[in-house]
Amino acid sequence: MKQGKSLITFVMLIFAGVITLYFGCYIYAAMTEPYRTVQVYAYTAHDSVPADGLVVRQARVLSAPTGILEVTRAEGEKVGVGQQIALVYQNSQAQSDQAVIEELQMEIDLLEDTIAQAGDLESSARLDEDILQAVVSLRASYSRGDCTQLREQVLGVKSSVLKRGYTYGESLTSEELAARLQGLRSQLAELNRQTARATTQVTAPTPGVFSNLVDGYESRLTPDSLAELTPSALQALIDSPAGEDSQALGKLITSDTWYFVANLPKASAARLEQGDSACLRFSGEMNRDVEMKVDRIGPTEGEVTLVAFSSNRYLTLTTLLRHQTVELIFDSWSGLRVPKEALRLVKFPAQGTEEGSGSQAPEEKMGVYALTNGRSEFKEAEIIHEGGDYYVVRPVGAGRKVLRAGDTVITHGTGLQDGLLIEG
């Protein structure tokens, strides 16, 4: 028993020694390696500041009637005056009847289309492709978790399958198709009579963009109230959201212009001019840079100033946005990112003279040494922005020796020169 424990201890000691030796060799190689390299990559640096605030829109809240409610508009869908927004059923039977009515209407439309296109072989040949495209579209939306058009996409698949069956799947004559169409119309008329009193339409009282989300800010924060808003009042609104209104079926956003109002550091707000444009980077569902107008530079309290931005673009993408932290971008620099250690000021003989001749002063060039086919190769670069431990540079020149994204550059090394063979 004791002999077994001694063997295990011996093996563990050997294992620990091997690990120690491995890390020791690795550290020694790293410390004594004559050349160190990194890869260059494309990079955009920003002069920016975070802005925490609220999205503001002119909206009209729609009350939910009593009964079983079915919203028929998708999030962010544009609606005209008098157009249907929702259906309200008195009971579950009326809701079931409405589903049958919609299917009957779809089937009638398809039959009418089929009869009108009788004998159109090219149209029939396209139906299989229509079915495939409808299924692919439905699957793509499901994979993204996007259910805003789910109802329409399911109906699209059913419609394509039915049309294929009517066109050439069942091989019906024109007389049989006409008789079936007449029968469906009779069923539809009867169902419409039965459900006329049990189903009510909710229509749009004004044109706008529909949204399911009613979060309580609709009356507390409006475009008109921005003129009187202060930094402390905005912070109070951010800290105490009202919560969703369960008594509303949704809202209509009735203005083409939307706003983002935020408290900025006083020094950052001082860099803005009212009426100028500003770039705001939204994340999450919006996930894009938006050029917005500096609509108002409001009052200052302590070290913060209230600023309101406005835009008439992407309104339909903002319907679910309210409290947002965005990046206000003042300036951007795009180029290649290289470590500061890689950039060197190198002296070269003046053009037309030989090195060491002394006839003209040497020419100084800023650039990096890239590792190309086992040799160091000087590639000229111009600094366009300085970061903490890096530069954003712009390549100088053209041809084979121009600096590109993906190049390997040397950060540490002695005796570097253009064309030097680097031993591995």
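Author: Strands here are DSSP runs of E, at least two residues long, and helices are DSSP runs of H or I, at least four long; both are numbered from the N terminus. The model is predicted.

Reader: Y314 has a positive phi although it is not a glycine. In which loop is Y314 found?

Author: The phi of Y314 is about 60°. Y314 is partly exposed, with a relative accessible area of 24%. Its place in the chain is the loop between β13 and β14.

Reader: N287 has a positive phi too. Is N287 buried or exposed?

Author: N287 is not a glycine, yet its phi is about 50°. The residue sits in the loop between β11 and β12. Exposed means over 50% relative accessible area. N287 is at 57%, so it counts as exposed.

Reader: How many helices and strands does the protein chain have?

Author: The chain runs to 424 residues, and 36% of them count as buried. Its secondary structure comes to nine helices and 19 strands.

Reader: What share of the contacts with a separation of 6 or more comes from residues 24 or more positions apart?

Author: Take one pair as an example: S334 and Y43 are 291 residues apart in sequence. In space their C-alpha atoms are 5.8 Å apart. Across the protein chain, residues 24 or more positions apart account for a share of 74%.

Reader: What does S334 contact, leaving aside its neighbours within four places in sequence?

Author: S334 is found in strand β14. At 53% relative accessibility, it counts as exposed. Its contacts beyond those neighbours are Y43, T44, I384 and V392.

Reader: Now the inside. Which residues of the largest nonpolar core touch the most other members?

Author: This core has 24 residues. Elements that give two or more of them are β2 (41–56), β10 (258–265), β11 (277–282), β12 (288–301), β13 (304–311) and β14 (323–339). The members that touch the most others are F260, L280, F282 and F309.

Reader: Which element gives the largest share of this core?

Author: Several strands contribute two or more residues, including β11 and β13. The largest share is four residues, and it comes from β10.

Reader: Take L280. What is L280 in contact with, leaving aside its neighbours within four places in sequence?

Author: L280 is one of the core residues that touch the most other members. Contact means heavy atoms within 4.5 Å. By that cut-off, the list for L280 is F260, R288, D289, V290, M292, F309, V326, E327 and L328.

Reader: How many residues are in the other core, apart from the largest one?

Author: Y217, L226, L234 and L306 are among the members of this other core. Its count of residues is 13.

Reader: L234 is also in helix α8. Why are the buried residues of α8 on the same side?

Author: The buried residues in α8 (residues 231–239) are P231, L234, L237 and I238. They lie on the same side because the arc they cover around the axis is only 125°. An α-helix has 3.6 residues a turn, so residues three or four places apart point the same way. Here, the value that settles it is an arc of 125°.

Reader: What covers the buried residues of α8?

Author: Those buried residues include L234 and L237. The cover comes from several elements, among them β2, α7 (217–220), β10, β12, β13 and β14.

Reader: And on the surface? Which residues make the nonpolar patch of about 490 Å²?

Author: The protein chain exposes about 24600 Å², with 52% of it supplied by carbon and sulfur atoms. F10, one of the patch residues, lies in helix α1 (residues 2–32). The patch is made by L7, F10, V11, I14 and V18.

Reader: Next, charges. How many salt bridges are there?

Author: A side-chain nitrogen of Lys or Arg must lie within 4 Å of a carboxyl oxygen of Asp or Glu. One pair that meets this is E77 and R73, at 2.8 Å. D289 and R281 meet at 2.7 Å. The count comes to 13.

Reader: How many residues apart in sequence are the parts that E382 and R394 tie together?

Author: Their side chains meet in a salt bridge at 3.3 Å, N to O. E382 lies in strand β17 (residues 375–386) and R394 in strand β18 (residues 390–395), so the parts they tie together are apart in sequence by 12 residues.

Reader: Which residues are linked in a network of salt bridges?

Author: Salt bridges can stand as pairs on paper, such as E77 with R73. The network links D215, E218, K251 and R322.

Notes: Residues are numbered from 1 along each chain as its sequence is written. This is a predicted model: local features need pLDDT of at least 70, side-chain atom pairs count only at pLDDT 80 or more; totals for chains, interfaces and linings use all residues. Side-chain values use heavy atoms; hydrogens and water are left out. A nonpolar core is a set of buried Ala, Val, Leu, Ile, Met, Phe, Trp, Tyr and Cys residues joined through side-chain atoms within 4.5 Å. Buried means under 20% relative accessible area, exposed over 50%, partly exposed in between (1.4 Å probe, protein chains only). Patches are made of residues with over 30% relative accessible area and no salt bridge: like charges are joined within 9 Å, nonpolar side chains (Val, Leu, Ile, Met, Phe, Trp, Tyr) within 5 Å. Accessible areas come from the Shrake-Rupley method with a 1.4 Å probe; for residues, only the protein chains shown count as cover. The arc is that of the directions from the helix axis to the C-beta atoms.
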